[in-house]
Amino acid sequence: MSENKIDKNMLAISIVVWGAVAVSVAFMVAYAGITGVVFAFVVLIVALGTWSRVLREYYGTKNKEEDQLAEQIKDLTKEIQELRKELEE
């Protein structure tokens with residue numbers, strides 16, 4: 001996957017997650033006032049750290065799978081070239 005291509009599933013999940021975080025933060029601030037701001041800040045920090053870890057794991061796994069597929073394609077190409085040489089002889 002190229003770096004410029006956006007994974008639509010991850011984009012949809014991100015919108016839902018961050019929408020839920022925004023709603024919960026707004027309710028915390030509205031319900032608890034100044035104290036809610038502190039709790040909202042903590043929630044945002046934890047959510048940001050957790051979501052960045054989720055994204056790293058998600059795209060790391062995809063990159064590993066892509067690397068494995070690329071390696072298999074290289075192996076198959078090499079085998080095809082060897083068979084072609086054998087057939088030409």
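**View 1. Helix 1 spans the length expected for its residue count.** The 25 residues of helix 1 should cover 36 Å at 1.5 Å a residue, and the end C-alpha atoms are 36 Å apart, which agrees. The expected span of a helix is 1.5 Å times one less than its number of residues. Helices (H or I, at least four residues) and strands (E, at least two) are DSSP runs, numbered from the N terminus. This is a predicted model, in which local features need pLDDT of at least 70 and side-chain atom pairs count only at pLDDT 80 or more, while totals for chains, interfaces and linings use all residues. Residues are numbered from 1 along each chain as its sequence is written, and side-chain values use heavy atoms, with hydrogens and water left out.

**View 2. Buried residues of helix 1 are covered in part by helix 2.** Met 10, Ser 14, Val 21 and Val 25 are the buried residues of helix 1. Buried means under 20% relative accessible area, exposed means over 50%, and partly exposed lies in between (1.4 Å probe, protein chains only). The cover over these residues includes helix 2, where contact means heavy atoms within 4.5 Å. After helix 1 comes Gly 33, which has a positive phi near 70°.

**View 3. Helix 2 packs its buried residues against helix 1.** Helix 2 comprises residues 34-88, 55 residues in number. From its first C-alpha to its last, helix 2 reaches 80 Å, close to the 81 Å expected at 1.5 Å a residue. Its buried residues are Gly 36, Ala 40, Ala 47 and Trp 51. These buried residues pack against helix 1 (8-32).

**View 4. Ile 80, Gln 81 and Glu 82 are placed in helix 2.** Ile 80 is partly exposed, with a relative accessible area of 47%. The C-alpha atoms of Ile 80 and Phe 27 are 62 Å from each other, with their positions 53 residues apart along the chain. Gln 81 counts as partly exposed at 43% relative accessibility. Its C-alpha atom is separated by 64 Å from that of Met 28, 53 residues apart along the chain. Glu 82 is likewise partly exposed, with a relative accessible area of 43%. The C-alpha atoms of Glu 82 and Val 23, 59 residues apart along the chain, are separated by 61 Å.

**View 5. The protein as a whole has 2 helices and 0 strands.** Its radius of gyration is 24 Å, well over the 12 Å that the globule rule gives for 89 residues, so the protein is more spread out than a compact globule. The radius is taken over C-alpha atoms, and the globule rule is 2.2 Å times the number of residues to the power 0.38. Along the principal axes, the C-alpha atoms fill a box of roughly 85 × 20 × 15 Å. Of the 89 residues, 10% count as buried. Among contacts between residues at least 6 apart in sequence, 60% join residues at least 24 apart.
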